[in-house]
Amino acid sequence: MRCPRRSDPHRTGRGGRRTVARGAAVGATNGLASSPAEDDGAVTVEAALALGTLVAVTAAAVGAVAAVAAGVRCTDAARELARQAARGDTERGRAVAAQLAPAGAEPELHLDGDLVVVTVRVRPVGLLPVTISGTASAAVEPGVATGAARSGVTAGSAPPGGAS
């Protein structure tokens, strides 16, 4: 005599009637039998997706912090160059601005009447088309001749208004 098991789909229940196990009925209706071994891959895929998302979010956060830091450094460099150019010492201002600015930064110096306007631009991440800039302006000192401040104007960057 055979002892019916729980997993036997055709076991006999009380009263001598044959019953079909619930798992067998589900598997028989849709053709899919669910087993714990088949679910192991789903957990691995979910973990891989979660890890990839975590890496992407972390990279975006680090990039945002780097962009903010580059913006602060550009503003500091522009402020120092504007202040030194307003005093008539443009070359010293360029040297200090080059030390303060991030690598690859491009300063622009313009004269707008009695104001020296400096913009420093940089692309912190070469792969992304994002340009970070900092701008500063300073009034030309009363004892400084306008020609001394103009000596630092870069080639091709005429002051607003067209005259140089």
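In the predicted model, strand β1 and strand β2 (residues 115-122) pair in the antiparallel sense, and the pairing runs over seven bridges. The two strands form a hairpin with two residues between them. Within the turn of this hairpin, G113 adopts a positive phi of about 70°. Individual bridge positions can be assigned along the pair: L109 has V118 as its bridge partner in β2, and H110 stands opposite V117 of β2.

The pairing continues from β2 to β3, where eight bridges join the two strands in the antiparallel sense. One position of this second pairing is given by T119, which stands opposite T135 in β3. Taken together, three strands form an open sheet in the order β1-β2-β3, with antiparallel pairing. Because β1 and β3 (132-139) each have a single partner strand, they stand at the edges, and one side of each is left without a neighbour in the sheet. From one strand to the next, the twist averages 15°.

The two faces of β3 differ in their cover. In a regular strand, side chains alternate between the two faces of the sheet. In β3, the covered face consists of I132, G134, A136 and A138, whereas S133, T135, S137 and A139 make up the uncovered face. T135, the residue that T119 faces across the pairing, thus belongs to the uncovered set.

Attention is next given to H110, which is located in strand β1 (residues 106-112). H110 has a relative accessibility of 17% and therefore counts as buried, the cut-off being under 20% relative accessible area. The side chain of H110 makes a polar contact with the side chain of E108, at 3.3 Å. E108 also takes part in a salt bridge, in which its side chain meets that of R121 at 2.9 Å, N to O. This pair links distant parts of the chain, with E108 in strand β1 and R121 in strand β2, 13 residues apart. E108 is partly exposed, with a relative accessible area of 30%, and R121 is likewise partly exposed, at 35%. The side chain of E108 is thus engaged both by H110 and by R121.

The structure holds three salt bridges. Side chains of opposite charge can pair when their charged atoms come close. Besides the pair formed by E108 and R121, salt bridges are found between R79 and D76 and between E80 and R83. The side chains of R79 and D76 meet at 3.2 Å, N to O. These two residues are three apart in helix α2 (residues 36-87), so about one helical turn separates R79 from D76. Both partners are partly exposed: R79 has a relative accessible area of 46%, and D76 has one of 25%.

The salt bridge between E80 and R83 is also formed at 3.2 Å, N to O. E80 and R83 both lie in helix α2, at a spacing of three residues, or about one turn of the helix. Here the partners fall into separate accessibility classes. E80 is buried, with a relative accessible area of 12%, because residues under 20% are classed in this way. R83, by contrast, counts as partly exposed at 38% relative accessibility.

A nonpolar patch on the surface is formed by V125, L127, L128 and V130. Together, these residues have about 400 Å² of accessible area. One of them, L128, is found in the loop between β2 and β3. With a relative accessible area of 47%, L128 is partly exposed.

With respect to overall architecture, the protein contains four helices and three strands. From the N terminus on, its elements run α-α-α-β-β-β-α. Of the 164 residues of the protein, 23% count as buried, H110 and E80 among them.

Methods: Residues numbered from 1 in each chain as written. Predicted model: local features only at pLDDT ≥ 70, side-chain atom pairs only at ≥ 80, totals over all residues. Heavy atoms only, no water. Buried < 20%, exposed > 50% of the residue type's maximum accessible area, 1.4 Å probe, protein only. Polar contact = N/O pair within 3.5 Å; in protein donor to acceptor, adjacent residues only side chain to side chain. Pairing = 2+ DSSP bridges. Axes fitted to C-alpha atoms, helices over the stretch in contact; angles between N-to-C directions. Salt bridge = Lys/Arg side-chain N within 4 Å of Asp/Glu carboxyl O. Patch = residues over 30% accessible without salt bridge, like charges linked within 9 Å, V, L, I, M, F, W, Y side chains within 5 Å. Areas by Shrake-Rupley, 256 points an atom, 1.4 Å probe, with all protein chains shown as cover.
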